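Visitor: Please take me through one part of this model closely: the place where two of its chains meet. Then follow the chains inward from there.

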Amino acid sequence: MSVLHVTSPHVHRPFTMNALMRHVVYATIPGLIVLTALFGWGTLINVIFASCVAIAAEAVVLKLRKRPILFSIKDGSAVLTAVLLALAIPPTAPWWLTIIGIIFAIVIAKQLYGGLGSNPFNPAMIGYVLLLISFPLEMTTWIPAYTTEGVTSIPTLTQSFEMIFGSVDRSIIDGITMATPLDTFKTYAGNDLAKLQSASVLQGNIAGAGWEWVNVAFLMGGIYLIARKIITWHIPVAMLAGVFLFAGIFHIIDPDTYASPIFHLLSGGTMLGAFFIATDPVTAATSNKGKLIYGALIGVLIYVIRAWGGYPDAVAFAVLLINLCAPTIEYYTQPRAYGHKKANSGIAK
Amino acid sequence: MSAADNKKIIKDGLWNNNPVLVQVLGLCPLLAVSGSVVNSLALGLATAFVITTSNIAVSLIRNYTTDTVRLPVFVMIIASFTTCIEFLMNAFTYELYLVLGIFIPLIVTNCAVLGRADAFASKNGVAASALDGLMTGLGFTAVIVTLGALREVLGQATLFDNMHLLFGDIAQGWTIHLVDDYKGFLFAILPPGAFVIMGFLLALKNIIDSKLKARAAALMEKPATGSRRVRTTGNIS
Amino acid sequence: MSRRIWDIPGGIHPAENKQQSLQTHIITAHIPAELVVPVQQHIGAPGKPCVEVGDKVLKGQMIAEANGFVSLPTHAPTSGEIIAIESRPVQHPSQIDGLCIIIKADNLDQWIDHNAINEYQSKERSDIINTIRQAGISGMGGAGFPSTIKLGIRPDTKIEQLILNSAECEPYITADDSLIQERADEVVAGLKIMQWLVKPQETLIGIEDNKPNAIAALKQATADSDIEVVVVPTKYPSGGEKQIIYLLTGKEVASGGLPSDVGVICQNTGTAYAVNRAIHFGEPLISRITTVTGDAIKNKGNYEVLLGTPVDALLSQAGAKFDQTSRLIMGGPMMGFSIHNSAVPIVKVTNCLLAPTEKEIPEPDAEQPCIRCGNCTQVCPAGLLPQQLYWFSKSNELEKAKHFNLADCIECGACSFVCPSNIPLVQYFRFGKGQIRKQEAETAKADQARERFEFRQARLEKEDREKEEKRKARAEAAAKKQAAKKAAAAENPATSESGPTIPTGSESTADASAVTKLKATWSSTTKRWKDAEKALKVAEKNGNEHIDALKKKVEQLKVKADKAKSLYDEAKVADAANISNVNGPTATKQTNKQAATQPTNDPMQKLKQASTDDFNAWKAAQQKTQDAEANSSDGADIESLRKTEAEAKEKSAASKAAMKEARAKEKEAMQAKKSAEDPAKQLKLDAAITRTKAKKALKALDSLTEDHASYDALKTAYEKAQTAAESAELALKAAEEA
C-alpha cells in the first residue's frame with residue numbers, strides 16, 4: 001500500500017491562483033465592452049496584444065532567472081497585469097507604447113524584484129507611469145467617445161488596427177483626438193468658465209461624455225469581484241469615500257474651480273483604480289483595518305493630485321505612492337489576536 | 001613602490017574598486033548630469049582632475065596634518081581644486097559650464113573624492129596617490145560616460161551630440177543620429193531612468209566578475225588537489 | 001434558546017462528508033490477534049510497565065502505571081498474554097517509535113474484578129478523581145491531556161461554566177455524534193459526575209447544528225437536569241477548545257493561559273462517556289469509538305474498538321481497499337496526521353481513521369508564491385496574519401514571528417485550506433514554533449551558564465580579596481621582622497645573612513608550585529577523562545554517531561591522566577627530598593603555607609597563589625637589592641643579591657606562565673563538558689585549544705634556563721600539550737570523516 005506522508009490539512013478549497021486571476025480578468029469584461037463601444041476596437045486590440053507581449057516577456061525573464069516557465073505563466077498574473085495596463089492606456093496607443101510599458105512592468109517592476117508576490121509596486125501602474133512621463137502626448141490624448149456631441153462615428157476595426165500598428169501619420173490621429181474630461185476640466189476650471197461650460201467633452205450626463213459609462217462598467221465588475229469574495233469591500237469603499245469626501249468639501253467651497261464629487265468618482269480611472277488596481281493584493285495592506293487606511297489614503301491622494309497636481313488623472317501615482325506605505329500600515333494595523341487584550345503594533349523590538 | 005603595486009592601483013581604480021560600480025559613491029552628480037555623453041565626459045574629467053590633484057596635495061601634506069583636523073583640511077584642498085576647475089570651465093567651455101551648473105562646485109561633496117583622499121592619499125606616497133587619483137577618476141569617468149551614452153541613445157537616439165561644447169568647433173559634426181523621427185524616451189533622460197540603467201550596469205559588472213571568478217576557480221582547481229597542509233611538531237630539548 | 005452565541009472570527013466551511021459514516025449503528029470491532037498498547041497515549045510522561053513478558057493479563061488489568069503527576073496508567077484491553085514489551089511504530093508527528101506492551105489475545109475477553117461506585121455523591125471528591133485517574137482517562141479529542149488534571153482543580157477555584165465539547169467540527173468525523181445518538185444517557189451521566197466534581201455555575205453542551213439527531217438525543221437526556229444544550233452554527237473550527245469557550249461564553253482564554261483561569265472547564269464527549277464507564281461500571285478506558293471512513297473503505301461507520309488494535313486490523317474489518325488509498329489519515333482531514341505505517345495502534349485520542357481515494361483527496365498541488373491575497377487572514381480563528389507569519393517563519397525571523405503572535409496559532413489549517421497558492425502554511429508555522437522553542441531553550445541554557453559563570457567569578461574575586469588581605473598582613477609582619485633584622489644588622493653588619501634566606505624560600509616556593517601545578521594538571525586531566533567518559537556514555541545511550549571518536553578520546557585522556565598522576569607522584573617525592581634539604585624556618589613556613597592553601601582544593605587557586613608568592617619573592621628580592629644598594633654595603637653582596645633578584649624574577653615569570661596554561665586547561669575542561677552535544681565542533685575547539693596551549697608552553701619553556709626548578713615540569717606540560725594537540729586533531733579528523 002502506498003502511503004503518502006503529508007501534513008495537515010489534507011483538504012483544500014479548490015480555488016487556485018489561476019482561478020483568482022481569471023476571475024479578475026472576467027470582471028474587466030464590462031469595462032472592456034463599454035470602452036470598445038465608445039472608443040472603437042483599439043482597447044480590445046491592445047488587451048490582446050499586451051497579453052501576448054506580457055507572456056513572452058515573462059517567459060524570457062523566467063528563463064534568464066532559471067525558474068520554471070510554464071508553472072509561473074500558468075498563474076495568470078502576467079496576463080492580468082497586461083490587461084490592466086492595456087485598459088488604462090488610450091485605445092490609439094501605438095504598438096511600441098504597449099511593448100515598452102509591458103516590458104517595463106513585467107521585467108523591471110515585477111521579475112527584477114523577485115517575481116510574483118515580491119514586487120513592492122503595482123507592475124501595471126509602474127508601466128503606465130513610465131509611459132505617461134515619457135510619452136505624455138500619446139498617453140493623454142483620447143479620441144472622443146461615441147456619445148460626445150458632434151461625434152458621429154468611432155474608428156472601425158481596420159482603422160483601429162492602422163492607428164495601432166500602421167504607419168499612419170500621427171497627426172491624422174492627433175487631429176481627431178480630444179482631451180479627456182478630466183484634462184479639459186483641469187485646463188479651464190477656475191479661469192475660463194465659458195469654455196468650461198461649452199466644452200463638448202464635458203456634455204455628458206454626469207461626468208463627461210462617455211466616461212461615466214466606462215466607470216459604471218468597472219464598478220459592476222468590481223461588485224462581481226466582491227460578490228465572488230476575490231476582493232473585500234474595504235479598499236474600494238475607503239478609496240471612493242476618500243475621493244468623494246475631499247471632492248465634496250472643495251466643491252461646496254468653490255463649485256466653479258472644483259468639480260463635483262460625482263464627476264470625480266465617474267471620470268478617469270477612478271473605478272478601475274478602486275476595484276482593480278488598488279486591490280492588487282501583493283502591493284496592498286492585508287488586514288481589514290489596514291485596507292481601510294490604505295484605500296482612504298489613495299483616495300485622498302488622487303484628489304489632491306487631480307486638483308492641484310500637474311497631471312489630469314492621478315490613480316497611478318496615488319496607488320504607487322501608497323504602495324510604498326503598505327508595509328508600514330501593515331505593522332501598525334495588526335488585528336487583535338485571540339487571547340490578547342490589545343493588538344500588537346509596530347515592529348518587533 | 002613596485003610595478004605590481006601600480007598594477008593593482010590601476011586595476012582597483014578602474015575595475016575592482018570602481019568608485020561607482022563597487023563603492024557606489026558620488027551618485028548625486030552621476031545621476032543628475034549623465035543625460036548625454038558630453039555632459040558626462042565634462043563632469044567625469046573635472047572629477048578626475050579634482051581627485052588626482054587633491055590626492056597629490058593630500059599626500060604631500062599627509063605627515064603634517066593631525067588626525068583630528070584632517071577632514072576639514074582635505075575638504076579645503078578639494079574645494080580649492082574644484083574652484084580651479086570651475087574657473088577653467090567658466091573660461092574655456094562656458095556653455096557647458098552653464099549646463100552643468102551647480103554640479104561643478106558640488107564635486108567638493110562627492111564622496112568618491114574625499115574617500116580617496118582619506119583612504120588612500122593620506123596613507124601613501126605622492127606617486128602612488130597621483131596614480132590612484134587618476135585611475136579612480138578615470139574609473140568614475142568611464143562609468144559616467146557609459147551611462148551618459150546609454151541615456152543619450154535611449155532618450156533621444158543620438159550619440160556625441162553637442163560635443164563642440166567641450167572640444168570646440170572641431171566637434172561640430174560628431175553627432176550621430178541613430179534613428180530618424182525618434183519620439184524621445186523621456187524616462188531615460190529623467191533621474192529614474194538613470195537609476196534603472198545604473199542598476200543594469202551594476203548587474204553587468206557583477207555578472208562579468210562572477211564569470212571571471214568561475215574561470216579563475218576552474219584554473220585553480222587542478223593544482224589545489226595535491227597540496228595538503230603539513231604540520232610539523234617541534235622537537236625541543 | 002435565548003443564550004447568546006458569540007461568533008468566532010474567521011472560520012471555513014469545508015465539505016462535511018459526515019453522512020457516509022452515519023449509515024449504521026456503532027459496530028463492535030473484532031478483537032485482533034495481537035494488541036499493541038503504547039504506554040504513552042496522552043500528553044505528559046509515559047507510563048511505567050508493571051507487567052513482565054509472559055504474564056497472563058485479564059481485561060482491564062493495569063499493565064503500566066502512572067509515572068508522575070502528568071501521566072496516566074494503561075490497562076489491558078482484553079485478556080491474554082504479554083508477549084513483548086518493546087518499541088513499536090506509533091502515531092507520532094516525527095514518525096518515531098514508542099514503547100508498547102504487546103498482548104496476544106486469548107479471545108476469552110475475560111474481565112478482571114471490577115466494581116462500580118454506586119452513589120458517588122456520598123464519596124470523597126478526591127476518591128472519585130483518583131478513580132478516574134486510575135481508569136487512565138485522558139482528553140479524547142485533541143492532544144490527550146489527562147482529564148483529572150482539569151477536573152482536579154483546587155476546590156476553591158471558582159468554575160463558572162463546565163462545557164462539554166460536542167461540536168465535532170472536523171469533516172468526516174462522527175465518533176461523538178454517533179456516541180451521543182446511541183448513548184446520550186451515558187454521556188450525560190458522565191457529564192453529571194464531572195459537574196459534581198467541579199461544581200460549576202452552569203453546565204453547557206456545545207454542539208453544531210448539523211447534528212439534529214444528536215441534539216434531539218441530548219435534549220431528551222438532559223430534560224430533567226440543569227444542563228443546557230447549546231446549538232452553535234456549523235463552522236470549522238468551532239470545536240477547538242478556545243473557540244467553543246468563546247462561542248458559548250464570550251470569554252477568551254488569555255494567550256498562554258488555561259481555560260480554568262477564566263473559570264471554564266471544557267471536556268470532550270468521549271471523555272464524559274469514559275468517566276461514566278469508570279464510575280458507574282468500574283471499567284478503565286480500554287476502548288473508544290473511532291470513525292472509519294473515506295471512499296477507500298467499504299463498510300464506513302463508527303467502530304467501538306479496543307485501544308491497541310493495529311490500524312490495519314481495523315481497516316481490514318472495515319473492508320478497506322488498500323490499493324485505492326492515497327494516504328491514511330489518523331484524525332480528521334484538517335488536523336489529522338497522515339500515518340507512515342499501518343501497523344500503528346489505535347490510541348485514546350484516535351477519533352477517526354480516514355482512508356480517502358486519490359480522487360477524494362488528491363495530492364496537493366505545487367506551492368506557488370504568496371500573493372498576500374489575505375484569504376488566510378479572513379479565515380484565521382485566532383485573529384492572526386498568517387501571510388506575515390509565513391514570511392517570518394520562512395525567513396527564520398523569529399522575533400518578528402513572536403511579535404505577530406505565532407504562539408497563538410492553533411494549527412487548525414483553515415489558512416492552508418483557503419490558500420490559492422497551495423502554501424502549506426501550517427507546516428511553516430509548526431517549523432517556526434519549533435525554532436522558537438529551540439531558541440528559547442538555548443537562551444535559557446545560556447542564561448544559566450552565564451549565571452554560573454558570574455557566580456564563579458564572584459567567588460574567585462572574593463577568594464582573591466581574602467588572599468590579598470592575608471598576604472598584606474603577612475607582608476606587614478615580614479616588613480616588621482625585616483626592619484627588626486635590619487636594625488640588628490646595622491648593629492652588626494658582619495653577621496648579615498638575611499640575603500640568602502629569601503632565595504631559598506623562593507626556590508622552595510617554586511618547587512612547591514611546580515608540584516601543585518602538576519597536581520592540578522593531574523586532577524584536571526582526570527576530570528577531563530571522567531567528563532569524556534560521561535559524554536561517551538550519553539552518546540552511547542543516544543546512539544550518537546561519533547562514539548568511536550569519543551572512545552578514542554576517552555582512552556587518550558585516561559592515558560594522560562595516568563601520566564599526570566605518575567608525574568605528580570614523582571614530583572612529590574622529589575619535592576619532599578628537596579624540602580628536607582633546605583634547612584631553616586622558611587622552608588617549614590612555606591610547607592605550612594602550602595598546607596594552609598591546600599584545603600581550597602582548587603588547582604587554579606593554588607597556581608595563582610604560587611604565582612603571587614613568586615612575584616612577591618621577586619619584589620622582596622628587588623627591594624632587598626635596592627636597600628642594599630642604598631645602604632652601599634660591600635660589592636659582592638650586592639652582586640649576589642642582584643643575581644637572586646634576577647632568578648626570582650624568572651621564577652615569577654615561569655609560574656605566571658604555568659598559571660596561564662592551567663587556566664587554558666581549565667577552560668578546555670569546561671569545553672569538554674559540551675562534547676556530548678556537538679562532538680565535531682567540540683573536537684575542533686579542542687584541537688585549537690590544545691594547539692594554542694602547546695605554543696604557550698613552548699614560549700614559557702623558552703623563557704626559562706635549563707637549570708630552573710620548573711623547567712622540567714613545564715617541559716612535561718609542553719610535551720603533553722603537544723600530544724593533546726595531536727590527539728585532538730586526530731579525533732577531529734575522525735569525527736569529520738564520520
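Guide: Two salt bridges are counted between chain A and chain C. This is a predicted model, so read every contact in that light. In one of the salt bridges, A:Arg336 meets C:Glu252 through their side chains, at 2.7 Å from N to O. Polar contacts add to the picture: 19 residue pairs between chain A and chain C are joined this way, with both residues at pLDDT 80 or more.

Which elements of chain A give two or more residues to the side that touches chain C? They are helix 1 (17-27), helix 17 (288-308) and helix 19 (326-332). Helix 1 of chain A gives the most, with three residues. By class, the chain A side divides into 22 nonpolar, 18 polar and six charged residues.

Now the extent. Interface size is often quoted as the accessible area lost when the parts come together. Between chain A and chain C, about 4800 Å² is buried. Carbon and sulfur atoms give 55% of that area. In residues, 46 of chain A are in contact with 62 of chain C.

Next, chain A behind that surface. Chain A has 19 helices and two strands. Of its 349 residues, 57% are buried. Take the contacts in chain A between residues at least 6 apart in sequence: 74% of them join residues at least 24 apart.

Helix 1 of chain A deserves a second look. It gives three residues to the side facing chain C, yet it also has buried residues: A:Met17, A:Ala19, A:Leu20, A:Met21, A:His23, A:Val24 and A:Ala27. What covers those buried residues? Other helices of chain A take part, including helix 2 (29-39), helix 5 (77-88), helix 13 (211-227) and helix 16 (270-277).

Cross over to chain C. Start with strand 14, residues 301-306. Six of its six residues are buried, so the rest of the structure largely encloses this strand. It pairs with strand 13 (residues 287-293) of chain C in the antiparallel sense, over six bridges. It also pairs with strand 1 (residues 27-28) of chain C, here in the parallel sense, over two bridges. C:Tyr303 appears in both pairings. Its bridge partner from strand 13 is C:Thr290. Its bridge partner from strand 1 is C:Ile27.

Elsewhere in chain C there is an open sheet of four strands, with antiparallel pairing and the order 2-8-7-4. Strand 2 (34-38) and strand 4 (56-57) stand at its edges. Each has a single partner strand, so one side of each is left without a neighbour in the sheet. For strand 4 of chain C, two bridges join it to strand 7 (residues 80-89), and the two run antiparallel. In that pairing, C:Lys56 has C:Glu81 as its bridge partner in strand 7.

The loops of chain C hold some local detail. Begin between strand 11 (227-232) and helix 5 (241-249), where C:Thr234 sits. Is C:Thr234 buried or exposed? Its relative accessibility is 18%, and buried means under 20%, so C:Thr234 counts as buried. Its side chain makes a polar contact of 2.4 Å with the side chain of C:Asp209. A polar atom of that same C:Thr234 side chain also lies 3.3 Å from the backbone nitrogen of C:Asn210. Leaving aside residues up to four places away in sequence, C:Thr234 touches C:His13, C:Glu16, C:Glu208, C:Asp209 and C:Asn210.

C:Pro237 lies in that loop between strand 11 and helix 5 as well. A cis peptide bond joins C:Tyr236 to C:Pro237, with omega at about 0 degrees.

Finally, the backbone at two other residues. C:Asp109 is not a glycine, yet it has a positive phi of about 55 degrees. C:Asp109 is placed in the loop between strand 8 (97-105) and helix 1 (125-134) of chain C. It is partly exposed, at a relative accessible area of 27%. C:Glu411, also not a glycine, has a positive phi of about 55 degrees. C:Glu411 is found in the loop between helix 10 (398-403) and helix 11 (414-418) of chain C.

How values were computed: Residues are numbered from 1 along each chain as its sequence is written. Chains are lettered from A and ligands numbered from 1 in the order in which they are written. This is a predicted model: local features need pLDDT of at least 70, side-chain atom pairs count only at pLDDT 80 or more; totals for chains, interfaces and linings use all residues. Side-chain values use heavy atoms; hydrogens and water are left out. Buried means under 20% relative accessible area, exposed over 50%, partly exposed in between (1.4 Å probe, protein chains only). A polar contact is a pair of N or O atoms within 3.5 Å; within protein, one must be able to donate a hydrogen and the other to accept it, and residues adjacent in sequence count only if both atoms are side-chain atoms. Contact means heavy atoms within 4.5 Å. Buried area is the accessible area (1.4 Å probe) that two parts lose on being put together, summed over both. A salt bridge is a side-chain nitrogen of Lys or Arg within 4 Å of a carboxyl oxygen of Asp or Glu. Ala, Val, Leu, Ile, Met, Phe, Trp, Tyr, Cys and Pro count as nonpolar, Asp, Glu, Lys and Arg as charged, and the others, Gly among them, as polar. Two strands pair if DSSP finds at least two bridges between them.
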